[in-house]
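Q: I have a structure open here and a few things to ask before I go back to the bench. Can we start with the cysteines?

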Amino acid sequence: MTNNYPMLTGTPYFNFYVMASAFLGRFGLVTHHKYTSEFTRAYSSSAIACTTTRGAATANLALETVEPEENPHALRTELSSLCINGLLKEALGLLNIMDRENIPVDPQVYVSLLDACANRKALKEGKQVHNHMLATGFDHNVALCTKLVSMYVMCGSLENARLVFEKAENPNIYLWNGIIIGSARFGFHEEVLRLYCRMQKTFSKPDKYTFPSVLKACASLSALQQGKCAHDLIIKNGFESDVVVASALLVMYAKLGKVDDARHLFDKMPQRDVVAWNSMIASYAQKGYFDEALRLFKKMKNLGEEPNSVTFTSVLPACARLSALEEGKTIHDHLIRGGFELDVFLASALVDMYAKCGSIELARELFDNMSQRNTVSFNAMISGYVQNGHGLEALKLFHYMQLEGVKPDSTTLTSILPACAHIASLGHGKLIHGYIIRSRSEDVFVGSALVDMYIRCGHIGLARQVFDKMLEKNVVSWNVMVAGYAMNGNGEEALSLYHEMQMAGVRPDSVTYANVLPACAHLAALQQGKEIHDRIIEHGFESDVFVSGALIDMYVKCGSLQAAHQIFDKMPEKDLVSWTSIIAGYGMHGFGDDALTFFHQMQQSGVKPDHVTFIALLSACSHGGLVDEGVQYFDKMIRTYSIKPRMEHYACVVDLLGRAGRLEEAHGMIKSMPFEPDPGVWGALLGACRIHKNIELGEHVANILFKMEPDNVGFYVLLSNIYADAGKWDDVAKLRKIMKDRGLKKSPGCSWVEVDNRVHAFRMGDKSHCQSELIYATLEDLAGQMKKAGYVPNTNFVLHDLEEEEKESILCGHSEKLAITFGLINTPPGTIIRITKNLRACGDCHTATKFISKIVGRDIIVRDTNRFHHFKDGVCSCGDYW
């Protein structure tokens with residue numbers, strides 16, 4: 001049939017169609033199919049004009065003009081057209097006319113009205129339509145109930161949607177889907193799963209529209225098992241090939257951390273939408289598989305799939321973590337060429353990428369050119385400054401952020417507080433602390449960052465005050481405080497807090513153990529270290545590379561080298577730190593040959609040594625008397641591995657040559673250094689002068705050190721030892737006077753021993769211990785047996801011009817002798833005695849300990865500030881080379 005009505009659209013023509021409608025209605029022609037289809041099409045096409053005020057008035061004219069009793073079909077057609085074109089008020093007016101004229105309403109009218117209410121989110125009008133349905137009895141129509149549920153969901157009233165659903169008799173799949181999708185939309189994930197279970201019990205079969213909401217709920221509730229059951233049903237019903245369902249499955253597995261399952265699904269998908277690609281890339285990035293995230297992004301581009309802004313915000317963090325600057329720049333270029341709008345989130349991701357890749361200038365340029373900046377943008381730039389060591393710039397930007405009216409959040413504060421620590425600015429830290437208190441911004445993360453800031457600024461007491469006042473503490477908070485005590489040498493406090501943490505019901509993680517084990521190492525608290533090791537095994541952290549490294553270090557420093565070796569052998573993968581730790585451990589214990597063997601094994605394993613490894617190796621050569629080998633490895637470090645020697649390397653070689661008596665060679669190496677030697681290098685040479693009693697060179701080196709560090713009492717003590725060895729008591733007296741005038745005091749000798757899980761400390765001449773009388777009586781008895789065995793006290797180590805008998809009495813009260821005697825009294829025969837001393841062991845104590853080990857038949861391990869001494873059957877592992 002030809003088109004008798006030209007498609008005239010717009011407000012000027014709409015009046016024509018309305019008048020024509022009235023005219024046709026007068027003569028009863030509107031019901032004639034010849035006119036109806038043509039007219040309705042033209043009428044509907046033009047009705048959009050009624051969205052204007054004039055159009056609305058014209059619509060009202062239609063209501064006044066049409067005679068409803070003549071043709072009810074025309075009114076229903078006009079009502080539907082009004083709904084389609086958003087004229088809800090007019091459509092409801094027409095519904096009222098139909099009621100007044102007793103014209104029956106069919107389901108399609110309600111469908112049109114409910115769709116219009118949903119589109120306009122008109123809850124009030126939607127309720128009017130619902131009430132009309134109740135009055136006409138259409139509320140039992142399942143199809144209309146589905147529309148009602150959908151309308152209420154779109155209008156934000158899930159409660160009304162639930163009421164409709166619950167009143168419906170025998171809901172069909174569409175109604176079930178409507179309430180399930182609606183509940184998911186509002187985030188009521190538990191309700192989604194409850195409805196899903198109810199649905200299955202009523203024998204309603206889920207379809208491909210049901211599962212995306214169910215899978216989303218499983219992901220949000222970490223309900224992996226229910227998700228797997230849904231997956232089985234999806235496979236059974238053949239929905240796995242549906243791209244929407246498959247993507248929902250992939251997203252669920254990805255969010256639940258099941259990356260391998262997600263990838264398996266991804267690879268099987270016949271079609272992949274951008275959601276699937278984004279989910280897979282984001283999943284890899286969130287799990288730390290940044291290489292794989294970047295590879296998948298490249299594959300996506302190679303296959304011609306078009307990424308969107310979500311893709312880029314997922315892949316840019318991977319570039320940042322990999323320091324993949326070139327790949328990041330390529331993505332940036334792609335964004336520019338593709339005409340992507342750099343919204344605030346995408347631009348912030350770019351800023352973060354450039355900052356983490358070390359291009360802080362490019363990051364700042366991009367940040368400054370952003371048309372809009374929010375908290376995320378400032379956070380990216382501030383953390384970038386902190387990570388690149390620009391603490392002052394970070395603080396300036398934090399101030400500017402506040403001037404711009406952008407409110408800092410928890411992430412801002414946890415980023416800026418390390419900047420205060422970096423520049424050691426306690427003042428700035430306190431100002432930020434004040435802001436946190438005033439703005440009530442403290443949460444568990446900010447509180448932990450505050451604790452860390454005070455620790456790193458050297459104020460452990462203030463850190464503890466903040467920690468104690470925290471209303472909420474998580475494992476990170478406890479870890480920071482434990483690490484603070486351990487780093488500051490407060491081992492007892494670290495262990496005490498670790499036990500307090502467990503009593504508070506906070507389960508330690510791998511970081512906790514890596515932090516608390518150094519406290520055991522510092523105190524030589526082997527028994528406590530073993531108990532912590534048991535907990536590590538119980539909690540499954542023994543394979544963690546950082547925990548294993550801390551265990552090796554703890555056992556080494558507690559004198560249990562065999563246990564350290566066992567841990568090392570069990571490690572599935574040995575990294576550079578692990579190899580360096582075991583090399584350093586054997587070196588500290590004087591087993592230089594074993595240390596070299598480990599170094600050769602490390603090379604064969606393909607792990608490349610760094611400058612720290614060579615410090616450990618050269619130190620091992622020094623302690624083991626492997627002079628020629630040490631010099632060769634120093635040369636190999638430079639020539640083979642292209643590592644430039646640092647101050648520590650020179651100090652090791654000077655110590656190595658000096659201990660061997662090659663003092664002039666050591667002195668010559670210092671003179672040939674490409675940079676100014678520090679006190680550590682000169683101190684190594686002075687120590688060698690002390691061993692080999694070289695007064696002339698010792699005086700020369702000591703005078704240099706007195707100028708460099710006039711308040712370092714250790715250098716005065718070393719020179720005083722040299723004078724005392726030579727019997728130059730006048731010079732000893734002069735040095736003591738200088739020390740007194742400058743207010744310098746030698747640190748008193750202190751030794752400690754662990755017995756029954758408790759560390760006991762002793763000072764020289766200490767009589768404060770509850771067992772002092774027994775200790776001194778036992779020691780006196782031992783001294784008698786030692787003299788019978790040939791021991792002669794070396795009174796040269798008493799730096800006073802006293803009678804020999806008085807000197808012997810002083811030697812008897814040295815702290816390590818008291819600690820050894822206490823250990824002998826309080827441990828069963830055969831138990832190894834482990835002693836730690838805060839100073840270098842004196843020669844007389846070294847000799848005496850050899851005799852004691854033979855007399856009592858015990859192994860005695862002494863750790864001083866330089867190394868370990870293993871005494872057994874009257875022999876020391878150092879071979880008296882120390």
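Q: How many disulfides are there?
A: This is a predicted model, and the count of disulfides in the model is 0.

Q: What about C558, how far is its sulfur from the closest cysteine sulfur?
A: The closest cysteine sulfur belongs to C520 and lies 6.6 Å from that of C558, which is too far for a bond.

Q: And C842, which cysteine has the nearest sulfur there?
A: That is C845, with its sulfur 3.4 Å away. The cut-off for a disulfide is 2.5 Å, and C842 is in no disulfide.

Q: Are those two buried or exposed, C558 first?
A: C558 has a relative accessibility of 2%, so it counts as buried. C842 is buried as well, with a relative accessible area of 11%.

Q: Changing topic. What is the average pLDDT?
A: The average is 87, and 90% of the residues have a score of at least 70.

Q: Where does pLDDT stay below 50?
A: One such stretch is residues 1–59, which nevertheless has 87 contacts in the model beyond near neighbours in sequence. Residues 799–809 also stay under 50, and there the model has 19 contacts beyond four places in sequence.

Q: What should I do with coordinates where pLDDT is low?
A: Predicted coordinates should not be read in detail where pLDDT is low.

Q: OK. Where is S157?
A: S157 sits in the loop between α8 (142–154) and α9 (158–167).

Q: Buried or exposed?
A: S157 counts as buried because its relative accessibility is 10%, and the cut-off for buried is under 20%.

Q: Which residues does S157 touch?
A: Leaving out residues up to four places away in sequence, S157 touches L123, Y152 and F186. The side chain of S157 also makes a polar contact of 2.6 Å with the side chain of N160.

Q: Now helix α11. What span should it have, and how far apart are its end C-alpha atoms?
A: Helix α11 covers residues 189–201, 13 residues in total, and at 1.5 Å a residue it should span 18 Å. The end C-alpha atoms are 19 Å apart, which agrees.

Q: Which of its residues are buried?
A: In α11 the buried residues are H189, E191, V192, L193, L195, Y196 and M199.

Q: What do the buried residues of α11 pack against?
A: They pack against α9, α10 (173–185), α12 (211–220) and α13 (224–236).

Q: Which residue with positive phi follows α11?
A: F203, with phi near 70 degrees.

Definitions and conventions: Residues are numbered from 1 along each chain as its sequence is written. This is a predicted model: local features need pLDDT of at least 70, side-chain atom pairs count only at pLDDT 80 or more; totals for chains, interfaces and linings use all residues. Side-chain values use heavy atoms; hydrogens and water are left out. Buried means under 20% relative accessible area, exposed over 50%, partly exposed in between (1.4 Å probe, protein chains only). pLDDT is the predictor's confidence in each residue, from 0 to 100. Contact means heavy atoms within 4.5 Å. Helices (H or I, at least four residues) and strands (E, at least two) are DSSP runs, numbered from the N terminus. A polar contact is a pair of N or O atoms within 3.5 Å; within protein, one must be able to donate a hydrogen and the other to accept it, and residues adjacent in sequence count only if both atoms are side-chain atoms. The expected span of a helix is 1.5 Å times one less than its number of residues.
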